[in-house]
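Reader: I'm in my first year and still learning to read these models. Could you take me through one part of this one closely, the nonpolar core, and then show me what lies around it?

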Amino acid sequence: MNKLRNQLYYWLRLLVGPLARLIFPVQVEGLSHLGDEPVILCPNHGHALDPILLILALPASFPMRIMAKKQLMEKPILGAFLRKVGVFGIDRGNSDVMAVKTAISSLKSGWNLMIFPEGTRVKQRGDVEAKGGIAMMAIRSGVKLQPVYISPEQKLFRKTRIVIGEPYAPVYTGRKGTAEEYQANADEILRQAYALGEEKWT
């Protein structure tokens, strides 16, 4: 993979990363599960810092795009910056065909994607159902889903535990699968993400 696929993202990670990791230290487990094939990273989502913490946990050379809520992208300065580092927006309240096309195109072009299956921050596991669209995008782009657990116990200058699991190949029938299969796969990858938090790694 080309580490300079997104030069701004890469250099920001190198320059800002050490300071950011000092303020928001992370304890990463399962980095060996990251491969050379593009995947959709599927973390649980409890805090606004989750995307930043996961970025800090990954290698700077890991080419990644992030799907975020449309409202962030509409802010003039912030939106322009986010687009430069590979973030694209999605209208969570509607069927956003353009965002789905962008996601699938990015995956087919070799990018990894970070998408939260729950679609929003949740206080407790089970408060929000996983969104079936995450599996639909994986199936239509021919990539696997990769579960990630981010500990909800987050404090400044205290390590946050992040666990990366093994990639999961969606199970489906036919050429594109069904809506029921999308939902079943989304539920499964979210279950796997939370299960990683219960495992004891050595």
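Author: Sure, let's start right in the core. The largest nonpolar core has 27 residues, and the ones with the most contacts inside it are I40, M67, L113, I115, I134, M137 and L145. A nonpolar core here is a set of buried Ala, Val, Leu, Ile, Met, Phe, Trp, Tyr and Cys residues joined through side-chain atoms within 4.5 Å. "Buried" means under 20% relative accessible area, "exposed" means over 50%, and "partly exposed" is in between (1.4 Å probe, protein chains only). Which elements feed this core? β2 (39–43), β4, α5, α6 and α7 (179–196) each supply at least two of its residues, and α6 gives the most, with six. Those labels are DSSP runs numbered from the N terminus: helices are H or I runs of at least four residues, strands are E runs of at least two.

Before going on, a word on what you're looking at. This is a predicted model, in which local features need pLDDT of at least 70 and side-chain atom pairs count only at pLDDT 80 or more, while totals for chains, interfaces and linings use all residues. Residues are numbered from 1 along each chain as its sequence is written, and side-chain values use heavy atoms, with hydrogens and water left out.

Now zoom in on L113. Leaving aside neighbours within four places in sequence, L113 is in contact (heavy atoms within 4.5 Å) with V39, I40, L41, R65, F88, A103, S106 and L107. There is also a second, separate core of 24 residues, and Y9, L54, M114 and F116 are among its members.

L54 takes us to α2. Six of the eight residues of α2 are buried, so this helix is largely enclosed by the rest of the structure. The buried ones are D50, L53, L54, I55, L56 and A57. L53 turns up again in the contacts of T160, a residue of strand β7. T160 counts as buried at 2% relative accessibility, and beyond four places in sequence it touches P25, V26, Q27, L53, I150, S151, E153 and Q154.

Back up the chain from T160 is F157, in the loop between β6 (144–150) and β7 (160–164). F157 counts as exposed, at 56% relative accessibility. Its phi is near 65°, a positive value in a residue other than glycine. Most residues other than glycine have a negative phi.

Two other loop residues are worth finding. P38 sits in the loop between β1 (26–29) and β2, and at 15% relative accessibility it counts as buried. P38 and G110 are 72 residues apart in sequence, yet their C-alpha atoms are 5.5 Å apart in space. E118 is in the loop between β5 (112–114) and α6, and it is buried, with a relative accessible area of 0%. Not counting residues up to four places away in sequence, E118 touches N44, H45, V128, E129, K131, L190 and Y194. The C-alpha atoms of E118 and A186 are separated by 9.1 Å, with their positions 68 residues apart along the chain.

Next, the pockets. A pocket is found on a 1 Å grid over the protein atoms alone: an open set of points with protein on both sides within 12 Å along at least five of seven lines, and its lining residues have an atom within 4 Å of a point. Grid points are joined across faces, edges and corners, and the volume is the space filled by probe spheres set on the points. The largest pocket has a volume of about 1400 Å³. It is lined by 46 residues, of which P51, I66, M67, A68 and V87 lie nearest its centre; M67 also has a place among the best-connected residues of the largest core. Of the lining, α1 supplies the largest share, six residues. The second largest pocket has a volume of about 220 Å³. Its lining has 14 residues, with N44, R125, Y149, P152 and Y194 nearest its centre. N44 and Y194 are both touched by E118.

Last stop: the whole structure holds one aromatic pair. The rings of Y10 and W11 have their centres 5.2 Å apart and their planes at 75°, so the pair is edge-to-face. (Rings of Phe, Tyr and Trp, the last by its six-membered ring, pair if their centres lie within 6.5 Å; planes under 30 degrees apart count as stacked, over 60 as edge-to-face and the rest as tilted.) Y10 is buried at 9% relative accessible area, whereas W11 is partly exposed at 43%.

Methods: On a 1 Å grid over the protein atoms alone, a cavity is a set of points where a 1.4 Å probe fits but cannot get out, and a pocket is an open set with protein on both sides within 12 Å along at least five of seven lines; lining residues have an atom within 4 Å of a point.
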